[in-house]
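Trainee: Could you walk me through how the helices and strands are arranged in this one?

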Amino acid sequence: MDHADSYGRYKAEKKFGDYLEGRDDIKQKMQYVIKVGLVYPSDTVKVKYYDNSKEYIIKQVENSLKNLQIESIDALLLHRPDWFADPAEIAEAFDILHRKGMVKAFEVSNYKPHEFRKLESYLDVPIVTNQIELSVLNYENFENGAIDLCMEKRIHPMIWSPLAGGRIFTSNDENIVRLREILESICEESGAESIDVVAYSWILSPPPK
């Protein structure tokens, strides 16, 4: 289950945890992937920003564990790069969470190769993946080296928005209409059931899988 402390404006995890209360058989079948670091505007916050400080990471992990009513997180992601974050602080937070058994593995999300390498150089625990956007409409991470870095590190990327938020089915944008026609042509030639099968197949074709 891919969650974030901020999803649903900080309410989604609690609702999910309430639903699973007393359903240990279901809980044990799940792996929990949690993101932290995104801070939304509120009575005390004027603009959205990212907070990857040691104190914030640990506090939000504790909140997520409480809200989801679980004892440990399978993988913790930093939601996005934080320009003002001290990587040494992040490393200390990761070390504390790992030693206490609160988090099993660590990941990042939307990191460029230089950001990934910078953080990695401070850590005693490995970064096991980078969650990045990729679809037949968005291949920026091929161009900026993020996919190549996954191959270099022998890790699999975790993809978000693989169907471009549904735009490949619904958008009337000229470029997307043309792409949809190509997907439909490939679908017909290959015998695929629908264009989403073709779109997913394209994502799974490169070596990082």
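Mentor: For angles, axes are lines fitted to C-alpha atoms, for helices over the stretch in contact, and the angles run from 0 to 180 degrees between N-to-C directions. This is a predicted model, in which local features need pLDDT of at least 70. Residues are numbered from 1 along each chain as its sequence is written.

Trainee: OK, at what angle do H6 and H8 pack?

Mentor: Helix H6 (residues 113-120) and helix H8 (residues 146-153) pack at about 40°, and their axes are 9 Å apart. H6 and H8 are therefore oblique to each other, a word used for angles that are neither under 35, nor over 145, nor 65 to 115 degrees.

Trainee: And the sheet, what's its strand order?

Mentor: The sheet is open, with 6 strands in the order E1-E2-E5-E6-E7-E8 and parallel pairing, where helices (H or I, at least four residues) and strands (E, at least two) are DSSP runs numbered from the N terminus.

Trainee: Which strands stand at the edges?

Mentor: Those are E1 (2-4) and E8 (158-160), and each has a single partner strand, so one side of each is left without a neighbour in the sheet. Neighbouring strands are turned by 25° against each other on average, direction ignored.

Trainee: How many bridges join E5 and E6?

Mentor: E5 (residues 75-78) and E6 (residues 106-109) pair in the parallel sense over 3 bridges, and leucine 78 has valine 108 in E6 as its bridge partner.

Trainee: Which strands do H4 and H5 touch?

Mentor: Helix H4 (residues 54-68) packs on the sheet and touches E1, E2 (33-36) and E5, with its direction at about 140° to that of E2. Helix H5 (residues 87-99) also packs on the sheet, touching E5 and E6, and its direction makes about 165° with that of E5. Contact here means heavy atoms within 4.5 Å.

Terms used
Predicted model: local features only at pLDDT ≥ 70, side-chain atom pairs only at ≥ 80, totals over all residues. Heavy atoms only, no water. Pairing = 2+ DSSP bridges.
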